[in-house]
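Student: I'd like a close look at one part of this protein, the spot that the database record flags, and then how the rest fits around it. Could you walk me through it in one go?

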Amino acid sequence: MIVAGNSQTKKSQLFSPRQSPVANYPQKQGKPTATANGSRGFCRSLNDCMSMGSVASTSQNQPQPPPKLQQQVADLEREVLKQRELRIIYRKRMERTHDYLKYCLQVAQDNGFLNLIIKNKDSDFDRQDCPFPSTLISTETSPQLSPPLHQHPDLAGLICQAKMNGWYIDHPEIELQEKIGQGSTAEIYRAVWRGLDVAVKCISPSFFESNENGESFFAQELDTLSRQRHRFVLQLMGACLDPPDHAWVVTEYLGMTLKEWLHGPGNSRRKERLVPLPPIEERIIKALEISQAMQYLHQQKPKLIHRDLKPSNIFLDDANHVRVADFGHARFLSDEEMAFTGETGTYVYMAPEVIRYEPYNEKCDVYSFAIILNEIMTGTHPYIETDFGPTKIAMEVAEGYLRPMLPEDDGQLGEIINLICLSWDQDASVRPSFAKITSTLKKFHQKITESSEIDYCI
């Protein structure tokens, strides 16, 4: 593990001496012993002696709890610790939100429109009389700093678009086969559509029943995916647009994820390897293709940030080329816009500014890629060298104390290690763009390819 900080020194740093807040929790107090109840050392009355004898007799005859009960107690203790950690996280978020609101009020006061806001709070705000840009003052309740430039169409509009462009699918055309995956809101099936093997993501009807904006989220994901045209981005084949029972996203069928390619089948995080580590040339190619896909997404107008980049959302085709997938959390941002939604993604790959509920931009994807690149180079799960759970990892990452263990520099990985450290820097502005990352990985791949050819000739 390393400490985030200056990119020139972070490779050799260890944990900060400052302890995690979790380490300062008061430990459970055991029951006081007989000698702790008093210093007198003898019974003062017959009742005292009878009481002590009864307790001793009970403790000697008390049977040991069954293993199942012991396991339940251990599970409850872990849950209590998790809730304590969450309480600390929420308290810190409240403190940061409070500080951010104070900052916003100070900016409003310094620019002379705080009183204007207060005077007009009970009436419609006249934007024409306001001398400031509309991006600074908004009557919307959304936590965004400015309204999104790209508005996603509603479901009715999307149906018209799908029929016009030829990707509307009637659900009887699809023959569902075996289930190949499951998430919190959807199940993924292998299926056949017009004789072609496809993957079908079936959104659960309960998702629409429990979310009043469920149709909007579904339409947003489809609209985003339908616009992508890149070799390393998942290809949309079509969709069934009849929620809640037939909200299906149909894509090309890809049988393996990057996670399975790197760690083997299964969802467990193991320290020991289940499959041999692929050659470094193949691993660098995978990293390069992911970077090229993300460069394509970020250079769109408006830019598209993924917000949930991780190995299980990256698939491999039959030729082992990558496909970046799962745009359920993606959103478009204009050049000057910042997102402010918080906790979008997966803790282990989530950028510290997102964990802290601070405004963020496309550099949150760069941070996620850095964790993935390090995972590709080491061949180990992030933070596997610790016994931390996701919540504790999030706390330490947010404070800048924790990053995964870097690969050992064998004389040729120095450039990659530097790239990783820059890309997961605590300061998002230090992180490079995917254009820079792609250029660096191309040069490194060319260098190791030439080195391998020389070694082969020798």
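Tutor: Here is a walk that starts at the flagged residue and moves outward from there. Keep in mind that this is a predicted model.

Let's begin with the record. An unreviewed UniProt entry puts the feature "binding site" at Lys201. In the model, Lys201 sits in strand S3, which covers residues 196-203. Is Lys201 buried or exposed? The cut-off for buried is under 20% relative accessible area, and Lys201 comes in at 18%, so this lysine counts as buried.

What does Lys201 touch, once neighbours within four places in sequence are set aside? There is a stretch made of Ala186, Glu187 and Ile188, then Glu221, then Ala247, Trp248 and Val249, and finally Asp326. One of these partners deserves a second glance: the side chains of Lys201 and Glu221 are joined by a polar contact of 2.9 Å.

Trp248 also leads us to a nonpolar core. Along with Ala191, Met237 and Val250, Trp248 is among the members of a separate core of 12 residues. The largest nonpolar core is another matter, with 79 residues. Inside that core, the residues with the most contacts are Phe218, Leu222, Ile290 and Phe369. Helix H10, residues 363-378, gives the most to it, with 10 residues. This core also draws on both domains, taking at least three residues from each of domain 1 (152-253) and domain 2 (254-457).

Take Ile290 as a way into that core. Not counting residues up to four places away in sequence, Ile290 touches Leu258, Ile314, Val322, Phe369, Ile372 and Ile376. Ile314 turns up again if you look at Thr257, a residue of strand S6 (residues 256-257). Beyond its neighbours within four places, Thr257 is in contact with Pro311, Ser312, Ile314, Phe315 and Leu316. Thr257 has a relative accessible area of 10%, so it counts as buried.

Now back to helix H10, this time for a polar residue. Asn374 is placed in H10, and at 2% relative accessibility Asn374 is buried. Where does the side chain of Asn374 reach? It gets to the backbone oxygen of Met405, at 3.0 Å. Leaving out neighbours within four places, the contacts of Asn374 are Pro404, Met405, Leu406, Pro407, Ile420 and Trp424.

Ile420 takes us on to helix H12, being one of the buried residues there. Why call H12 largely enclosed by the rest of the structure? Seven of the 10 residues in this helix (residues 414-423) are buried, so that description follows. The buried ones are Gly414, Ile416, Ile417, Leu419, Ile420, Cys421 and Ser423.

The loops are worth a look too, mostly for their backbone geometry. Most residues other than glycine have a negative phi, and most peptide bonds are trans. Now for some exceptions. Just before strand S3, where we started, Arg194 sits in the loop between strand S2 (186-193) and S3. Arg194 has a positive phi of about 55 degrees although it is not a glycine, and at 62% relative accessibility this arginine counts as exposed. Tyr383 has a positive phi as well, about 65 degrees, and is not a glycine either. Tyr383 belongs to the loop between H10 and helix H11 (390-399), and its relative accessible area of 1% makes it buried.

As for cis peptide bonds, one runs from Pro243 to Pro244, with omega near 5 degrees. Pro244 lies in the loop between strand S4 (236-242) and strand S5 (246-252). A cis bond also joins Lys301 and Pro302, where omega is about 0 degrees. Pro302 is in the loop between helix H8 (280-298) and strand S7 (303-305).

Last, let's step back to the chain as a whole. The secondary structure comes to 13 helices and 10 strands. Of the 458 residues in the chain, 41% are buried. Among contacts between residues at least 6 apart in sequence, 63% join residues at least 24 apart. The accessible surface is about 25900 Å², and carbon and sulfur atoms account for 52% of it.

Technical notes. Residues numbered from 1 in each chain as written. Predicted model: local features only at pLDDT ≥ 70, side-chain atom pairs only at ≥ 80, totals over all residues. Heavy atoms only, no water. Core = buried A, V, L, I, M, F, W, Y, C linked by side-chain atoms within 4.5 Å. Buried < 20%, exposed > 50% of the residue type's maximum accessible area, 1.4 Å probe, protein only. Helix = DSSP H or I, 4+ residues; strand = E, 2+ residues; numbered from the N terminus. Domains from an automatic or database assignment. Contact = heavy atoms within 4.5 Å. UniProt positions renumbered as here; feature names shortened; annotations may be inferred. Polar contact = N/O pair within 3.5 Å; in protein donor to acceptor, adjacent residues only side chain to side chain. Areas by Shrake-Rupley, 256 points an atom, 1.4 Å probe, with all protein chains shown as cover.
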